[in-house]
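This briefing concerns the enclosed spaces inside one protein chain, and it asks which residues and helices surround them. Please keep the structure open while reading.

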Amino acid sequence: MEATSSTPCSPGAADSTFASVKQESGSRPGSPLEASSPGSISVTEQHYVAADSNSSSTTKSFVPCKVCGDKASGYHYGVTSCEGCKGFFRRSIQKQIEYRCLRDGKCLVIRLNRNRCQYCRFKKCLAVGMSRDSVRYGRVPKRSRERSTDEASRVTTTDADQSDVETKQLAVYDVILSVSQAHHANCGYTEEQTRNLSRQPVVLPPPSPDSDADETASSSAESTETERRRLWQRFAANVTPSVQRVVEFAKRVPGFCDLGQDDQLILIKIGFFEIWLAHVARLTTHASLTFDDGTSVSRRQMEIMYDNEFTSSVIHFATSFNALSLNDTEVGLFSAVVLLTADRPGVTDVKTIEHHQDKLIEALKVQVGRNHANEPQIFSSLLMKLPELRSLGAKHTAHLDWYRMNWTKLTLPPLFAEIFDIPKSEDDLQ
């Protein structure tokens, strides 16, 4: 089967969980990776129109500031803006101020509250097109803009070096912001999402008629294998929504959509379980693992699904990962680094993936250094989690071999079966 032109990042693919993939990549006709999934999350941007307090009597002379909607005073730093936003942007660039948002980077910026969140106001300045170079060079009259090349030639080597530093800093800032927004929009395990989570034990699906016969024959309440199958069916049902969320997250990670279709899908399919483990670690203890809907599976149940060794390894990872005390933005950046791992089996554009992962690692280093200034070992400890996660992902794949051999006894969500290459029909075996 030939691959189609649609990818997770293609226009028109926003409502699809995955695009189709070539047969050798693991996709099959009728795959849920080729079509929309019920209940899929649609991430859309809301656009607000902010007006002056006298907007009811607005005249043709009123020109709004593109940042906050107040009355613009002119063309400042490349954008029609008010005096307030002009001064705010100039100070932010000249002093190289790093802001933080207490509301997930999604604050509405209008005239009445523009001073409430400097992080989101600065982000809005950049989004509408304010130029850092305009701050450094000063205002250029409209009639003289054509001479910008001559003006640039006057810049000294020191100025050019400073500009490079500023450019790199802003580029890192943009990566942190983009990944943070993507993570908060598409992760069910953030601090806000789990703060008031109500936990309850997992409720297993009823046994199938075949398992009833087995139980009667064995004269036991439930055979271990039957319980294992039922636990896996429930586990799969609870994990599946996170597949869609990770796909949407990936589409917003800087550099991911620059990759080819096959590489995108390989990175998602292989990296999903590792990313999910980093997310669910927040709700994992020595005794249980809890999904983002509050459903908990006990350690004993995990040992039935996998084995004692793998369960202990998962719990050890979660415990040590939680000990790093990462915030949501740092977990998001770490997840992006995991996603863009260049040496996944089958990927082709290794250099491009490495290039983008390097940028994400640098952004993670800056973010961790800013929030853990007195704990310089945090960043190196975090990087050491990458091979640990990789090992867990490989062991998880090996455990799934039993389910690939016993697929006829399972009823798994199609999307879960697809991402882990578990057959759903006889056609899948061809």
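In this predicted model, the lining of the largest cavity is made up of five nonpolar residues, five polar residues and one charged residue. The lining of the second largest cavity, by contrast, consists of nine nonpolar residues, with no polar and no charged ones. The count of cavities of 30 Å³ or more comes to two.

**Largest cavity**

- The space inside the largest cavity amounts to about 70 Å³.
- Its lining is formed by H183, N186, C187, G188 and Y189, together with S242, R245, V246 and F249, and finally W276 and H279.
- At least two lining residues come from each of helix 5 (157-186), helix 8 (224-251) and helix 9 (261-280), and helix 8 provides the largest share, which is four residues.
- The one charged residue of this lining is R245, because Arg is counted as charged, whereas His, Asn, Ser and Gly fall among the polar residues.

**Second largest cavity**

- The second largest cavity has a volume of about 50 Å³.
- The residues that line the second largest cavity are F235, F273, W276, L277, L289, M302, Y306, F310 and V314.
- Helix 9 and helix 11 (308-322) each contribute at least two residues to the lining of the second largest cavity, and helix 9 gives the most, with three residues.

**Elements found in both linings**

- W276 appears in the lining of the largest cavity and also in that of the second largest cavity.
- Helix 9 likewise supplies at least two residues to the lining of the largest cavity and at least two to that of the second largest cavity.

Conventions: Residues numbered from 1 in each chain as written. Predicted model: local features only at pLDDT ≥ 70, side-chain atom pairs only at ≥ 80, totals over all residues. Heavy atoms only, no water. 1 Å grid on protein atoms, 1.4 Å probe; cavity = no way out; pocket = protein on both sides within 12 Å on 5 of 7 lines; lining within 4 Å. Points joined across faces, edges and corners; volume = space filled by probe spheres on them.
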